[in-house]
Amino acid sequence: MPGRAWQLIREVVATEYVTNRMCFYWLLALTSGRTRHELPKEDAALLRDRRRVLRVVGDGAWADGVRMINRLLDCAEQPDADLRLLFKEFQVLGYTQRSRILRHLELFLDGPLKDQMWQLALTRAESERLAGDRVDRVWKFFQPQPAGPRSREPLPVTIPMTTWFQAVPATAVLVVAAGHIGSLLAWYGRPTAFLAYLVSIAGGYFGVRSGLEWHFRTMRRRAKDGDFAAVPHRTSAPPGGFARKVDQRFDYYFAKYVPEGMSRDAWLTLTAGIRRHMRDETVEVYRERRTSAEQISWLIRYRAADVKRRWCNGTLWEYRRELATPVRTKAAAVGGIALLAGGGTLAAGGAVLVSPLSGVGSIFVALAGGWIAARAWLHIALERRRYAADRSEAEQDKAEITAAFADWQATLADRPDDREMAAWLDCDRKVLLNEALRHYRLSMSDVISHAFIEAPAPSTARARVRGGPWRYTRYQLLLFVLTADGVRQITVSLDFRQGTFHDRKRANYRFEKIAAVRVNQADNHEQTFELALVNGTEIRVQVMAPEMEELQQGENSGEVSEVTLDAAGLHHTLHVLEGIAAEGSAWLAQEHRRGQDRMNGQSRMTNRRDRMP
């Protein structure tokens with residue numbers, strides 16, 4: 001972004017905080033992305049007076065870089081300069097300084113020096129175009145910062161006070177009544193009935209305990225079956241909202257991760273209930289946390305892949321096996337209840353025989369208290385068991401998704417930064433320019449100027465860092481090569497992930513054939529480049545869509561489009577094409593003369609200052 005860089009660096013230089021490194025980038029920002037004839041008067045004056053503005057101190061890589069730029073700029077004004085020693089020194093320059101110079105002085109140099117520098121720049125571009133594992137890493141730039149793992153907290157234990165008011169008094173009444181029956185049997189010497197009484201108590205304990213386990217397993221399995229039942233899911237989520245986007249991603253990833261040998265439709269039907277349950281839980285957990293659906297795509301993808309994995313290894317319905325009640329538990333429950341009923345009947349009969357009135361009263365009180373206490377304690381026990389099981393499942397699920405999140409973070413650890421993305425794109429541009437030069441059999445010195453327009457291709461993903469331009473997975477590149485004979489235009493589709501060009505289109509036209517060049521900018525920040533030829537042909541490219549003006553923290557309205565267009569080189573392209581549309585082929589000579597006047601005018605001013613006492 002040379003325009004933005006030039007603005008920022010000038011502000012810092014104005015504070016007189018100047019280092020050799022800053023001087024180096026000051027020169028690059030001043031000359032990058034434009035020819036010397038494009039410099040306005042103020043910038044031309046700064047370039048001519050650069051040695052006064054920038055004072056290089058000492059030695060080092062950055063100081064060498066500044067001196068090399070100065071020598072290159074001086075040699076560009078001297079067509080007969082000896083370049084052999086210059087390029088020998090250039091080759092031993094630091095890698096960072098050398099690569100930056102090759103990248104940014106592409107348009108600014110002229111003549112034989114331009115050809116020599118172009119060959120060096122092209123060699124670097126071809127060798128570094130796929131460097132740094134580009135093919136395996138580019139896709140990571142377009143992944144959003146993932147939201148951390150979250151899981152649904154289990155519902156807390158909910159036991160109404162009325163249940164406790166039933167459980168405690170009823171239990172006390174049951175104990176008193178049962179104790180009274182036992183005391184009657186012991187006092188009146190009924191050993192057989194008393195033994196049956198003790199057996200009924202033991203049988204009741206084990207029967208109720210096993211019966212509770214049986215009941216809990218049955219109810220929980222039934223609840224899970226209900227959660228995962230393949231019921232058609234009809235969502236009322238509004239289009240474009242968070243819930244609808246989560247729906248779409250669950251549908252996409254479940255359709256993507258299909259077991260071998262199963263049709264997609266059959267798989268989606270089979271997992272409809274699971275998908276709905278997971279979707280509802282995900283929406284509930286993340287909806288109120290200002291999280292986008294893109295940030296939890298990693299979680300949805302993991303869920304879908306995990307369901308497929310569990311289906312393949314036979315554990316998808318593992319809960320049914322885990323919640324199946326063992327035979328011994330059922331036997332203990334049935335046997336215990338049978339002992340309770342049988343022993344209780346014998347004990348009750350013995351109590352009635354020894355004391356009919358009090359025995360019958362204690363039996364009815366014990367039955368009533370036992371029924372109320374059993375219902376109340378069953379609810380309490382089941383609720384506690386439910387919470388414990390939910391908590392255990394939640395902790396296990398959280399551990400699994402935390403591990404999946406850590407794996408995803410490790411995968412994104414080598415995500416390329418914006419500097420790498422820009423460097424790869426610059427290499428692509430140079431390779432495309434070289435392709436055009438070879439096709440038209442031109443040398444770089446034959447090119448008066450060249451310009452690019454970078455626009456998003458259809459069906460492309462996009463991403464950017466804060467303060468940076470939009471980057472795309474697919475670009476539509478327009479290259480304009482200006483020679484003395486006219487304009488050569490090449491339009492290609494760039495697959496940025498693979499670094500390959502597709503769908504090439506070429507057009508040639510003379511300068512007089514350009515009727516109009518314009519950029520239409522709407523209030524919603526949509527910007528469209530239009531080039532019209534006199535024969536009625538129109539070239540129209542949308543370089544900024546309305547939805548692309550997405551501001552991040554600390555950004556101002558219009559800033560996104562400005563830095564994106566700056567990085568795309570649109571300003572230089574408009575300068576060239578608008579000049580040609582207005583003046584035709586005469587623009588070349590006029591632009592050269594205006595540039596010389598700006599440079600020479602500043603030179604005369606400098607000489608007059610030098611002669612002043």
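A residue is called partly exposed when its relative accessible area lies between the buried limit of under 20% and the exposed limit of over 50%. That term returns in several of the views below, and the model throughout is a predicted one.

**View 1. Arg71 and Glu89 pair up in a salt bridge.** The closest N and O atoms of Arg71 and Glu89 are 2.2 Å apart. Arg71 belongs to helix 5 and Glu89 to helix 6 (residues 84–91), so this pair, 18 residues apart, links distant parts of the chain. Arg71 has a relative accessible area of 31%, which makes it partly exposed. Glu89 is partly exposed as well, at 30%.

**View 2. Arg51 and Asp74 join helix 4 to helix 5.** Here the side chains of Arg51 and Asp74 form a salt bridge, with an N to O distance of 2.7 Å. Because Arg51 sits in helix 4 (residues 50–53) and Asp74 in helix 5 (residues 61–76), the bridge ties together parts that are 23 residues apart in sequence. Arg51 is partly exposed, with a relative accessible area of 47%. Asp74 is also partly exposed, with a value of 24%.

**View 3. Asp428 and Arg134 meet out of reach of the surface probe, both counting as buried.** Their side chains make a salt bridge of 2.6 Å, N to O. Asp428 comes from helix 19 and Arg134 from helix 9 (residues 134–141), so the pair ties together parts that are 294 residues apart in sequence. The relative accessible area of Asp428 is 0%, and Arg134 is likewise buried at 0%. Elsewhere, salt bridges with shared partners connect Arg220, Lys224, Glu383, Arg386, Asp390 and Glu393 in one network. The whole structure holds 38 salt bridges.

**View 4. Phe480 sits in the largest nonpolar core.** This core has 54 residues, and Phe480, Ile514 and Phe529 touch the most other members. Helix 19 (residues 418–440) is the element that gives the most to the core, supplying nine residues. Leaving aside residues up to four places away in sequence, Phe480 touches a dozen-odd neighbours worth tracing, including Ser449, His450, Ala451, Ile453, Val487, Tyr509, Phe529, Leu531 and Leu577. A second core, separate from this one, has 36 residues, among them Trp26, Met68, Phe87 and Leu109.

**View 5. Helix 20 is mostly covered.** Seven of the ten residues in helix 20 (residues 559–568) are buried. They are Val560, Ser561, Val563, Thr564, Leu565, Asp566 and Ala568. Just past the end of helix 20, look for Gly569, which takes a positive phi of about 75°.

**View 6. Stepping back, the whole chain is more spread out than a compact globule.** The chain contains 22 helices and nine strands. Its radius of gyration is 40 Å, well over the 25 Å that the globule rule gives for 613 residues. Along the principal axes, the C-alpha atoms fill a box of roughly 135 × 60 × 45 Å. Buried residues make up 45% of the 613. Of the contacts between residues at least 6 apart in sequence, 71% join residues at least 24 apart. The accessible surface of the chain is about 31900 Å², with 55% belonging to carbon and sulfur atoms.

How values were computed
Residues numbered from 1 in each chain as written. Predicted model: local features only at pLDDT ≥ 70, side-chain atom pairs only at ≥ 80, totals over all residues. Heavy atoms only, no water. Core = buried A, V, L, I, M, F, W, Y, C linked by side-chain atoms within 4.5 Å. Buried < 20%, exposed > 50% of the residue type's maximum accessible area, 1.4 Å probe, protein only. Helix = DSSP H or I, 4+ residues; strand = E, 2+ residues; numbered from the N terminus. Contact = heavy atoms within 4.5 Å. Salt bridge = Lys/Arg side-chain N within 4 Å of Asp/Glu carboxyl O. Rg over C-alpha atoms; globule rule 2.2 N^0.38 Å. Areas by Shrake-Rupley, 256 points an atom, 1.4 Å probe, with all protein chains shown as cover.
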